[in-house]
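Please find below a reviewer's note on the structure shown here. The points are numbered so that each may be checked against the coordinates.

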Amino acid sequence: MTGRTHDTATGTVTVHDQGAHLTEWRVGEVPVIWVSQASEYAVGTPIRGGVPVCWPWFGPGRGGDLTPAHGFARIAPWRLLEESTEDGTVRLLWELTPADVAATDGAQHFPHAFTARVEVTVSESATISLTVRNDDTEPWDFEAALHTYLHVGDIRRVRLTGLEGTRYFDKVLQSEGSQEGQLSFSGETDRVYRAEGAVQVHDPVFDRTLVIEKAGSANTVVWNPWVDKAAAMSDFQDGEWPVMVCVEAASVGDDAVRLEPGAEHTLSTTVQIRPLDQS
Ligand SMILES: O=P(O)(O)OC[C@H]1O[C@H](O)[C@H](O)[C@@H](O)[C@@H]1O
């Protein structure tokens with residue numbers, strides 16, 4: 001599977017139609033959105049990095065038994081509706097309906113009429129949005145996440161702010177907690193925060209702060225697999241786990257989105273690059 005690369009005012013973006021996937025975003029030569037060198041880019045296989053669109057379930061779903069992980073949208077053949085570059089701004093729009101996923105593994109678990117659209121806009125910042133409409137006569141619900149892989153200099157030196165005081169479920173420890181102070185990393189981290197506000201990723205190695213804003217998303221998922229889990233994944237290269245962290249705009253579990261017939265919901269996230277905030 002090949003992607004397409006476009007120039008922005010300050011760098012490049014690469015996209016793949018499978019999964020409506022922003023696979024990489026660089027400013028100059030430095031990635032902001034990270035993708036693994038070991039990613040396979042095979043039809044029907046998730047790409048390891050970029051901004052996977054997880055829908056209509058997250059992980060194995062609320063019942064814990066659905067495949068593929070993170071829903072069929074991540075591996076589906078989205079239809080490209082628009083692709084343009086104007087004044088250094090790259091814009092893409094994809095659509096997905098039941099007809100598009102007739103042959104996609106997992107679609108049988110979601111027998112509902114829907115129209116989903118993903119819009120990606122990249123200039124000096126990047127915005128990704130997922131809009132889902134219920135085209136059925138009955139209400140239904142879904143989980144979703146924009147699973148953003150951020151490139152960082154060294155996870156062991158990164159600090160996250162914006163989550164202080166929020167509740168989370170720790171998927172590694174299988175327990176609930178409350179975030180005390182800033183979040184720093186010293187081992188496998190996989191948490192679903194009940195947090196709607198912006199998160200700042202302070203990176204002293206790249207001397208920058210990435211600001212992640214979001215809308216229509218009740219949860220923020222933070223993930224780094226650390227040494228052992230990364231080693232067990234064929235699409236992570238040795239030495240890659242320290243240079244990424246996922247900060248995901250999500251609505252999952254008890255915060256799944258319920259849509260009435262004809263209603264739509266948009267989940268979106270924006271990544272901005274700022275000088276390092278040392279506070
Ligand atoms: O390996 P994947 O299916 O891409 O999932 C990668 C990760 O995604 C999310 O961050 C989940 O919270 C993690 O539990 C999961 O390990």
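The points below move from the overall chain to its strands, its unusual backbone geometry and the surroundings of the ligand.

1. The coordinates under review are a predicted model, and the remarks that follow should be read on that basis. The secondary structure of the protein chain amounts to 1 helix and 23 strands.

2. On overall dimensions, the C-alpha atoms of the protein chain occupy a box of roughly 50 × 45 × 35 Å along the principal axes. The radius of gyration is 18 Å, and because a compact globule of 279 residues would have a value near 19 Å, the two agree. Of the 279 residues in the protein chain, 40% are buried. When contacts between residues at least 6 apart in sequence are considered, 65% of them join residues at least 24 apart.

3. Strand E3 deserves attention in the N-terminal part of the numbering, where it covers residues 21-27. Since 5 of its 7 residues are buried, strand E3 is largely enclosed by the rest of the structure. Strand E2 (residues 11-16) runs antiparallel to E3 and is joined to it by 6 bridges; within this pairing, Thr-12 stands opposite Arg-26 of E3. A hairpin is formed by E2 and E3, with 4 residues between them, and Gly-19 in its turn has a positive phi of about 80 degrees.

4. E3 also pairs with strand E4 (residues 30-33), again in the antiparallel sense, over 3 bridges. Here Trp-25 is placed opposite Ile-33 of E4. These two strands make a hairpin with 2 residues between them, and Gly-28 in the turn has a positive phi of about 65 degrees.

5. An open sheet of 9 strands follows the order E6-E7-E8-E9-E23-E19-E18-E13-E16, and its pairing is antiparallel. Its edges are strand E6 (79-86) and strand E16 (183-184), each of which pairs on one side only. Within the sheet, strand E7 (residues 89-96) and strand E8 (residues 114-122) are paired in the antiparallel sense over 7 bridges, with Val-90 opposite Val-122 of E8.

6. The loop between strand E5 (53-54) and E6 should be inspected with care, beginning with Pro-56, which is found there. A cis peptide bond, with omega of about 0 degrees, joins Trp-55 and Pro-56. Pro-68 lies in the loop between E5 and E6 as well, and the peptide bond from Thr-67 to Pro-68 is cis, with omega near -5 degrees. Most peptide bonds are trans, and most residues other than glycine have a negative phi.

7. Two residues that are not glycine have a positive phi: His-70, at about 70 degrees, and Gln-174, at about 55 degrees. Is each of them buried or exposed? His-70, in the loop between E5 and E6, has 26 C-beta neighbours inside 10 Å and therefore counts as buried. Gln-174, in the loop between strand E14 (167-170) and strand E15 (175-178), has 7 such neighbours inside 10 Å and so counts as exposed.

8. Which residues are around the ligand? They are Pro-46, Gly-59, Ala-69, His-70, Lys-171, Asp-190, Val-221, Trp-223 and Cys-246. By class, this shell divides into 5 nonpolar, 2 polar and 2 charged residues. His-70 thus appears in the list around the ligand and is also a residue with positive phi.

Terms used. Residues are numbered from 1 along each chain as its sequence is written. This is a predicted model: local features need pLDDT of at least 70, side-chain atom pairs count only at pLDDT 80 or more; totals for chains, interfaces and linings use all residues. A residue is buried if 20 or more other C-beta atoms lie within 10 Å of its own, exposed if 12 or fewer, and partly exposed in between; C-beta atoms are placed from the backbone. Two strands pair if DSSP finds at least two bridges between them. A residue is near a molecule or strand if its C-beta atom, placed from the backbone, lies within 6 Å of it. Ala, Val, Leu, Ile, Met, Phe, Trp, Tyr, Cys and Pro count as nonpolar, Asp, Glu, Lys and Arg as charged, and the others, Gly among them, as polar. The radius of gyration is taken over C-alpha atoms; the globule rule is 2.2 Å times the number of residues to the power 0.38. Two residues are in contact if their C-beta atoms, placed from the backbone, lie within 7 Å.
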